Amino acid sequence: MDETQFLTCIEEYQGIIHKICRLYRDTREDREDLFQEITFQLWKSLPAFKNEAKISTWIYRIALNTAIATFRKKKHAIEYRPVLPDLPEEQPSEELALRQERLFTALKQLDDADKAIITLYFEELSYQQIAAITGISENYVGVKLNRIKIKIQKLLIQ
């Protein structure tokens, strides 16, 4: 994959990256930094991508690992673009926007591993795909999802 194909891939899957950034970082600036760090890690990891998994699975794995990792003290030389790709311009209804915000608030209270699993579930990935990305068994994905759903229900009731 050359640079042009990589940029096209980032543009196509930017929604995945934006969701992870929103879930793992609170401020716009931190989300922008994380988006750039994820993009850098994807570019750096590109030579290791062997097309054995779907590109979206690979992107999720790199994005989640980058989001969960603590910020490193050593800064990498990165060429920054003046503008990040925008989120899709869908305007949800006010009620839907409020419900989504409540859900994000509840999700942010989960630990990092639970956030990763439920994010992948919301993206309608199969248990097998979630297991491949997170490194846990398919059966344990099911167990974790049930526990996470209960936690979210309790958080939404509060």
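**Exercise 1. Find the largest nonpolar core and say which helices build it.**

Solution.
- Step 1. The largest nonpolar core holds 41 residues. A nonpolar core is a set of buried Ala, Val, Leu, Ile, Met, Phe, Trp, Tyr and Cys residues joined through side-chain atoms within 4.5 Å. Buried means under 20% relative accessible area, exposed over 50%, and partly exposed in between (1.4 Å probe, protein chains only).
- Step 2. Ile17, Ile20, Tyr24, Ile38, Leu42, Trp58 and Ile59 have the most contacts inside this core.
- Step 3. At least two core residues come from each of H1 (3-12), H2, H3 (28-45), H4 (55-68), H5, H6, H7 (127-134) and H8. Helices (H or I, at least four residues) and strands (E, at least two) are DSSP runs, numbered from the N terminus.
- Step 4. H4 gives the most, with 8 residues.
- Step 5. Take isoleucine 59 as a sample. Leaving aside neighbours within four places in sequence, isoleucine 59 is in contact with Cys9, Tyr13, Ile16, Ile17 and Leu42. Contact means heavy atoms within 4.5 Å.

The model is predicted: local features need pLDDT of at least 70, side-chain atom pairs count only at pLDDT 80 or more, and totals for chains, interfaces and linings use all residues. Residues are numbered from 1 along each chain as its sequence is written, and side-chain values use heavy atoms, with hydrogens and water left out.

**Exercise 2. Describe the chain as a whole: its elements, burial, contacts and surface.**

Solution.
- Step 1. Count the elements. The protein chain has 8 helices and 0 strands. From the N terminus on, the order is α-α-α-α-α-α-α-α.
- Step 2. Check burial. Of the 158 residues, 37% count as buried.
- Step 3. Check contact range. Among contacts between residues at least 6 apart in sequence, 68% join residues at least 24 apart.
- Step 4. Check the surface. The accessible surface comes to about 10,700 Å², and 51% of that belongs to carbon and sulfur atoms. Accessible areas come from the Shrake-Rupley method with a 1.4 Å probe; for residues, only the protein chains shown count as cover.

**Exercise 3. Work out which residues of H5 are buried, which are exposed, and what the buried ones pack against.**

Solution.
- Step 1. Size the helix. H5 (residues 94-108) has 15 residues and reaches 21 Å from its first C-alpha to its last. That is close to the 21 Å expected at 1.5 Å a residue. The expected span is 1.5 Å times one less than the number of residues.
- Step 2. List the buried residues. They are Phe104, Ala106 and Leu107. These cover an arc of only 160° around the axis, so they sit on the same side of H5. The arc is that of the directions from the helix axis to the C-beta atoms.
- Step 3. Turn to the opposite face. The face turned away from the buried side carries the exposed residues Glu94, Glu95 and Leu98.
- Step 4. Name the partners. The buried residues of H5 pack against H2 (14-24), H6 (112-122) and H8 (138-157).

**Exercise 4. Inventory the salt bridges, and for three pairs state where the partners lie.**

Solution.
- Step 1. The whole structure has 7 salt bridges. A salt bridge is a side-chain nitrogen of Lys or Arg within 4 Å of a carboxyl oxygen of Asp or Glu.
- Step 2. Aspartate 26 pairs with lysine 108, with the closest N and O atoms 3.3 Å apart. Aspartate 26 lies in the loop between H2 and H3 and lysine 108 in H5, so the pair ties together parts 82 residues apart in sequence. Aspartate 26 is exposed at 58%; lysine 108 is partly exposed at 29%.
- Step 3. Arginine 28 pairs with glutamate 32 (3.1 Å, N to O). Both lie in H3, 4 residues apart, about one turn of the helix. An α-helix has 3.6 residues a turn, so residues three or four places apart point the same way. Arginine 28 is exposed at 57%; glutamate 32 is partly exposed at 30%.
- Step 4. Lysine 144 pairs with aspartate 114, with the closest N and O atoms 2.9 Å apart. The pair links distant parts of the chain: lysine 144 is in H8 and aspartate 114 in H6, 30 residues apart. Both are buried. Asp114, Lys144 and Lys151 are linked in a network of salt bridges.

**Exercise 5. Place lysine 115 and list its contacts.**

Solution.
- Step 1. Lysine 115 is in H6.
- Step 2. Lysine 115 is buried, at 7% relative accessible area.
- Step 3. Not counting residues up to four places away in sequence, lysine 115 touches Leu23, Tyr24, Leu107, Lys108 and Leu110.
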